[in-house]
Amino acid sequence: MADWIQRIRDIPDFPKPGIVFKDIMPMLADPLANAAAIDALAAPWRVTAIDAVMAIEARGFLLGAPLARELGTGLVAVRKPGKLPGRVIEQRYALEYGEDALQVQADALPPGARVLLVDDVLATGGTLAAARGLADALQADVVGAAVLIELDFLGGRARWSGDAPLRAAWVP
């Protein structure tokens, strides 16, 4: 087990009873663990031509910004409604414990830009599918998705469509 994985802790019954939350904050607070985690996320994508990392709010930002720097790309923020200025595109989706929406600025990318979607955890797959919908609406070429943790028992990978690879740095 990689040292960075040991810095992730389980928080039972958060944000509601029955959910075991994967807290990445201790991993982010440790500079060596943080660097190792970003390296693990970047490894499968180092030889892929990517124009931008599309990082999903909120913990995806904490991974997406250093990943974009590591891969030498730009960063596009995928945010909750009302957080981005200008014209936005919105995608609604179901969470494992409710419903929400994501937005991206309508002019964030030129058509055909090669993007990597990034988030912290793949659970039921709704958030990642919504981000993919936004990338498609921008006419971006989704080269793949990177998540730090995949909770495979929740089946979120089944919602990932197309041929682009979905890579998880850790599947507990």
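Val-115 of strand E7 has Val-142 as its bridge partner in strand E8. Strands here are DSSP E runs of at least two residues, and helices are H or I runs of at least four, numbered from the N terminus. The chain leaves E7, passes through helix H5 (residues 126-137) and enters E8; this β-α-β crossover is right-handed. That is, with the strands pointing away from the viewer, the path from the first strand over the helix to the second runs clockwise.

This is a predicted model: local features need pLDDT of at least 70, side-chain atom pairs count only at pLDDT 80 or more, and totals for chains, interfaces and linings use all residues. Residues are numbered from 1 along each chain as its sequence is written, and side-chain values use heavy atoms, without hydrogens or water.

E7 also pairs with strand E3. Pairing takes at least two DSSP bridges between two strands.

| Strand pair | Bridges | Direction |
|---|---|---|
| E3 (residues 52-56) and E7 | 4 bridges | parallel |
| E7 and E8 (residues 141-150) | 8 bridges | parallel |

On the E3 side, Met-54 has Leu-117 of E7 as its bridge partner. In E7 (residues 114-122), 8 of the 9 residues are buried, so the strand is largely enclosed by the rest of the structure. Buried means under 20% relative accessible area (1.4 Å probe, protein chains only).

Now the helices. H3 (residues 31-42) packs on H4 (residues 59-71) at about 65°, with axes 10 Å apart. Axes are lines fitted to C-alpha atoms over the stretch in contact, and angles run from 0 to 180 degrees between N-to-C directions. The contact (heavy atoms within 4.5 Å) includes Ile-38 and Leu-41 of H3 and Leu-63 and Leu-67 of H4.

Note on methods
Buried < 20%, exposed > 50% of the residue type's maximum accessible area, 1.4 Å probe, protein only.
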